[in-house]
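Here are some exercises to work through with the model open beside you. Try each task before you read its solution.

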Amino acid sequence: MAKKKPIKKGSPKGSGKMRKIIWSLLALFLLLGGASVFWVWQTLYRNNLNLIKGEPSFLYIPTGTQFDGVLNIMRERRLLISEAGFVWTAKQKRYDHLVKPGRYRMRPGMSNAELVNILRAGLQEPVRLTLVNLHSPKVLAQKVGQFLEADSTALLKLMQNDHALAEIGFNSDNVLSVVLPNTYEFYWNTDARQFFARMLKEYKTFWTSERKAKAQKQKLSPVEVSILASIVERETQYKPERPTIARVYMNRLKKGMRLQADPTVVFAVGDFSINRVRSKHLEVESPYNTYKIEGLPPGPICLPSINSIEAVLDAPSVPYLFFCAKEDFSGTHRFAVTELEHLANARKFQRAMNARGIR
């Protein structure tokens with residue numbers, strides 16, 4: 001009787017097919033996983049900015065802007081190579097709920113991860129604002145409005161609010177005294193009140209007890225020092241003579257003489273292109289025309305430099321009551337004690353101006 005062959009469990013052919021399917025699926029999963037990892041890496045870390053190499057740019061995000069607003073700003077400037085990649089990164093890092101206003105530096109080659117991290121953290125690049133050669137609150141407000149988010153109209157209204165200014169010892173005429181010429185760093189999204197608060201803080205820091213004591217010795221308040229310093233500033237760019245010119249004016253004040261300062265007349269007329277003050281200019285009715293008013297004008301005629309302020313505080317004891325520019329146009333002056341001496345000096349300078357055709 002023949003033996004029966006044992007029946008094998010499972011089919012070799014079927015199990016081999018199953019293994020192929022499993023390996024194929026595993027390979028597919030690995031391929032998809034690898035592709036996903038590569039896509040995530042590219043989205044996060046590859047350059048996504050349309051910027052020219054070597055030319056950094058700035059992204060300005062106004063106060064109150066939401067995420068859609070940020071995207072609109074970027075679209076208008078065509079900053080992004082892939083908007084979808086930026087949006088995905090922003091949402092992963094929850095920047096779409098953490099938008100912060102400001103001025104942000106963007107560099108060529110910057111990735112989505114870098115850009116979103118900077119924006120989310122509010123890592124702004126400060127604005128360097130230089131405040132010099134400004135002659136009125138209006139001009140100051142316009143300058144600030146060009147560099148900061150602060151509204152120039154709001155800043156000007158703040159500097160014209162006599163009621164509020166009185167609480168800190170100023171008024172709309174002398175408020176320019178608060179601002180010391182210098183280069184300051186601000187965040188771009190600084191508003192009008194923040195700007196003024198910073199200027200007031202700098203002013204209080206500058207006016208130390210030592211400087212206040214010097215001002216008192218000269219029988220001037222800090223504001224009066226600033227007003228007089230602004231006249232000295234406009235009188236000469238030759239710094240070594242500023243203390244002497246300051247003393248001339250203080251001597252005149254002490255004797256009850258009018259200052260008769262030409263720069264105040266130019267300010268009163270409002271024409272800063274005037275090269276030669278004429279008799280017609282001296283007749284202008286203004287609280288800034290020191291040929292007509294007694295004492296100091298009501299406010300500074302410019303932002304006086306610290307050098308001019310120190311010139312007033314450290315003015316030497318000299319007897320001069322007059323000064324006149326030298327006829328060689330060197331920027332230096334001839335000083336005089338008597339009016340007779342002064343008139344002789346003035347005639348020399350007038351003849352020199354006539355010879356040069358300065359009208």
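**Exercise 1: a salt bridge and its exposure**

Arg334 is partly exposed, with a relative accessible area of 29%. Partly exposed lies between buried, under 20% relative accessible area, and exposed, over 50% (1.4 Å probe, protein chains only). This is a predicted model, in which local features need pLDDT of at least 70 and side-chain atom pairs count only at pLDDT 80 or more, while totals for chains, interfaces and linings use all residues. Residues are numbered from 1 along each chain as its sequence is written, and side-chain values use heavy atoms, with hydrogens and water left out.

Task: which side chain meets that of Arg334 in a salt bridge?

Solution, step by step:
- Start with the rule: a salt bridge is a side-chain nitrogen of Lys or Arg within 4 Å of a carboxyl oxygen of Asp or Glu.
- Under this rule, Arg334 pairs with Glu327, at 2.9 Å from N to O.
- Then check the partner: Glu327 has a relative accessible area of 28%, so Glu327 is partly exposed.

**Exercise 2: more salt bridges**

Task: how many salt bridges does the rule give, and where in the chain do Glu294 and Arg258 lie?

Solution, step by step:
- The count is 12 salt bridges.
- One of them joins the side chains of Glu294 and Arg258, at 3.1 Å from N to O.
- This pair links distant parts of the chain, 36 residues apart: Glu294 is in the loop between helix H13 (279–282) and H14, and Arg258 in the loop between H11 and helix H12 (262–269). Helices (H or I, at least four residues) and strands (E, at least two) are DSSP runs, numbered from the N terminus.
- Arg258 is partly exposed, at 33% relative accessible area.
- Arg75 and Glu83 also form a salt bridge, at 2.9 Å from N to O. Arg75 is partly exposed at 43%, and Glu83 is partly exposed at 28%.
- Finally, Glu283, Glu285 and Lys292 are linked in a network of salt bridges.

**Exercise 3: helix H11**

Task: what span should the 13 residues of helix H11 have, and why is H11 described as largely enclosed?

Solution, step by step:
- The expected span of a helix is 1.5 Å times one less than its number of residues.
- For H11 (residues 242–254) this gives 18 Å, and the end C-alpha atoms are 18 Å apart, which agrees.
- Now for burial: 10 of the 13 residues of H11 are buried, so the rest of the structure largely encloses this helix.
- Among the buried residues are Ile245, Val248, Tyr249 and Met250.
- Their cover, by contacts (heavy atoms within 4.5 Å), includes helix H10 (222–235), helix H14 (306–313), strand E5 (322–325) and strand E6 (333–336).
- After H11 comes Gly256, with a positive phi near 80 degrees.

**Exercise 4: positive phi beyond glycine**

Task: where do Arg94 and Asn133 lie?

Solution, step by step:
- Some background helps: most residues other than glycine have a negative phi.
- Arg94 has a positive phi, near 60 degrees, and lies in the loop between helix H3 (83–92) and strand E2 (102–106).
- Asn133 has a positive phi as well, near 55 degrees, and sits in the loop between strand E3 (127–131) and helix H5 (137–147).
- Asn133 is exposed, at 57% relative accessible area.
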